[in-house]
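Student: I should like a close look at a single part of this structure, the place where two helices from separate chains pack together. Please describe it in one connected account.

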Amino acid sequence: MNFRDRMLDEYKEILKTYIHDQTEQALYMSQKFSRKSIEYKISPEEMISLHKTSIMDLEPDLPESLLLSLDILLEVMMSYGLAYREHQSLRTIQRELINEIEVAASMQQTLLGTQIPRISSLDIGAISVPAKQMSGDYYHFVSHENGAISVAIADIIGKGIPAALCMSMIKYSMDSMPDDSQNPGDVLERLNRVVEQNVDPTMFITMFSGLYHPDNHTFYYSSAGHEPGFFYHAETGTFEELQAKGLLLGVDKKAKYNEYERKVEVGDVILLMSDGVTECRTEEGFLEVDTLIAYIKKYIHLSAQDIADKVYKELEYLQDFQLRDDFTLIILKRTA
Amino acid sequence: MMDSSVKIINEWDIVAARQLGRNVAKELGFGTVDQARITTAISELARNIYLYAGQGEIMIEKVESGTKKGMTIISRDEGPGIPDLRKVMEDGFSTSGGLGAGLPGVKRLMDEFSIESTPGKGTFIQSVKWLR
Amino acid sequence: MNISIDVKELDQQTTMTLAGEIDAYTAPQLRETAFPYTEKKQASVVIDLSGVTYMDSTGLGVFVGLFKSLNANDGTLKLVGLSDRLKRLFDITGLADIMNINSEAEGGV
């Protein structure tokens with residue numbers, strides 16, 4: 001007995017039971033049958049034909065008009081059948097796309113990976129969590145030959161795959177920068193020209209660029225429209241915004257970036273972040289700066305990586321574990 | 001071997017093409033479901049001619065290959081042609097505007113499908129359904 | 001979340017009143033609605049943001065795009081009715097220095 005005959009027999013049996021005594025049992029059997037027929041890719045028009053064959057067999061005296069009406073039903077079901085098959089094939093395509101995005105996301109992680117530098121006087125921690133699969137946040141460290149450390153944190157405006165592509169470009173222009181151009185202002189001016197020339201005009205980047213010199217324990221920094229970081233004074237136990245003015249990258253190719261500097265004492269902490277941190281939204285509204293600072297203060301005595309991890313955990317909890325924006329937090333703590 | 005053809009000029013010619021296809025399908029012994037598939041495919045092809053090319057022709061032929069028997073549907077027009085074949089063969093492209101099953105639908109309904117189109121010259125589509 | 005965009009045209013001036021949230025979901029709608037008005041020669045576009053409750057960096061990107069498009073066509077863009085939070089966003093990004101931004105609503109004090 002072939003597959004179609006088996007299905008036909010099964011269907012006929014259900015039909016017969018139901019015609020005989022209209023039980024819920026028979027209706028339940030037909031539900032199970034429909035699941036099976038979908039699994040075996042039986043189309044709606046085939047179902048009608050199956051039905052017609054069954055009923056003609058069971059009730060040979062049915063009026064001709066009723067049987068003819070099934071021809072119309074079959075014709076009408078043709079388009080449903082086609083739509084259903086198209087839907088199936090689109091679902092396959094969708095699954096392929098999701099797989100590709102997953103591969104791309106893990107490639108992005110590898111491509112954009114950056115090593116957290118180790119130097120004796122500075123404890124560095126970083127956390128970056130994407131809201132969706134592909135992150136629009138980016139951070140980068142460079143250890144220079146003279147012992148200085150460069151740090152950059154960027155937010156690509158526009159999310160997902162286009163942002164990720166743009167980020168790779170930023171990463172390669174930063175990697176190909178000569179070791180002697182370490183000044184944060186120069187770095188931003190150079191990148192601004194790259195972005196202005198090469199990136200889609202509706203795509204912009206905010207970036208905070210910093211340089212830590214272990215010789216004089218000074219932090220030099222510039223900002224291209226990026227969320228200001230915080231500076232923690234260990235002596236007074238107070239926080240201060242790391243104010244820096246500068247235009248977004250990619251708006252004006254002649255933009256200039258001022259450089260600021262700050263002396264860092266033992267125990268002082270520099271916190272750099274993306275707007276996913278400050279624009280964090282909770283049930284009650286936006287996270288206030290004071291609340292954020294309170295969280296940071298609670299953990300400021302910990303190691304740099306622990307501060308970053310704990311603050312993230314707190315904010316994640318506040319937002320019910322649903323990140324609306326990419327989240328990146330970098331901590332630099334002078335230990336000696 | 002040329003069995004028969006229908007010129008497609010107005011919407012009623014679509015019905016004539018369907019009728020011709022159904023007669024041949026019945027004659028060859030296709031079941032009701034396959035008959036419906038073949039006529040739906042003819043409908044789609046004829047509608048494309050009527051809507052986009054203005055006029056053209058649907059030809060129906062019986063075919064034999066070894067022990068297999070079947071029928072061929074040929075759609076031919078001298079309309080504007082299709083500039084991007086890959087696009088029209090994509091699922092979701094023609095259906096999104098409520099234009100019906102489109103060419104991917106025809107391909108699904110039939111066993112074999114081939115298309116040639118030259119922008120400015122016209123379109124030639126050949127499809128085969130085999131009797132099982 | 002949603003955005004409402006109300007457009008009034010008078011001579012050369014277009015006034016757009018926005019209300020709701022501007023984020024990755026609503027930004028494309030805003031861009032599509034607003035862009036055509038920036039492509040006319042010497043257009044003057046005023047956008048009232050006093051009804052905007054939330055804007056993220058994607059929204060900011062739309063305004064930069066509109067600003068660039070107007071500049072290219074010798075037009076002008078003015079943003080009015082910015083809340084403190086929005087004002088801060090334009091300040092931080094340096095856009096407040098190159099764009100015409102006013103916390104008061106148009107016609108206000």
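**A helix pair between chains A and B**

Tutor: In this predicted model, the axes of H4(A) and H2(B) lie 10 Å apart, and the two helices pack at an angle of about 55°. H4(A) is therefore oblique to H2(B), and the crossing in which H4(A) passes H2(B) is right-handed. On the side of H4(A), the contact is made by A:Leu74, A:Glu75 and A:Met78, while H2(B) contributes B:Thr32, B:Ala36 and B:Thr40. Sorted by class, the residues of this contact comprise 3 nonpolar, 2 polar and 1 charged.

Both helices also take part in covering another element, helix H4 of chain B. What covers the buried residues of H4(B) includes helix H4 (64-111) of chain A and, from chain B itself, helix H2 (32-53), helix H3 (85-88), strand S4 (112-118) and strand S5 (122-130). Helix H4 of chain B spans residues 102-109, and 6 of its 8 residues are buried, so this helix is largely enclosed by the rest of the structure. The buried residues are B:Gly102, B:Leu103, B:Pro104, B:Gly105, B:Val106 and B:Leu109.

Within chain A, one further position deserves attention. A:Ser43 sits in the loop that links helix H2 (24-39) to helix H3 (44-58) of chain A. This residue counts as buried because it has 20 C-beta neighbours inside 10 Å, and 20 or more is the cut-off for that class. Leaving aside residues up to four places away in sequence, A:Ser43 touches A:Gly81 and A:Tyr84. A:Leu82 is 39 residues from A:Ser43 in sequence, yet their C-alpha atoms are 8.5 Å apart in space.

Conventions:
Residues are numbered from 1 along each chain as its sequence is written. Chains are lettered from A and ligands numbered from 1 in the order in which they are written. This is a predicted model: local features need pLDDT of at least 70, side-chain atom pairs count only at pLDDT 80 or more; totals for chains, interfaces and linings use all residues. A residue is buried if 20 or more other C-beta atoms lie within 10 Å of its own, exposed if 12 or fewer, and partly exposed in between; C-beta atoms are placed from the backbone. Helices (H or I, at least four residues) and strands (E, at least two) are DSSP runs, numbered from the N terminus. Two residues are in contact if their C-beta atoms, placed from the backbone, lie within 7 Å. Axes are lines fitted to C-alpha atoms, for helices over the stretch in contact, and angles run from 0 to 180 degrees between N-to-C directions. Angles under 35 degrees count as roughly parallel, over 145 as roughly antiparallel, 65 to 115 as roughly perpendicular and the rest as oblique. A crossing is left-handed if the near helix is turned anticlockwise from the far one by less than a right angle, and right-handed if clockwise. Ala, Val, Leu, Ile, Met, Phe, Trp, Tyr, Cys and Pro count as nonpolar, Asp, Glu, Lys and Arg as charged, and the others, Gly among them, as polar.
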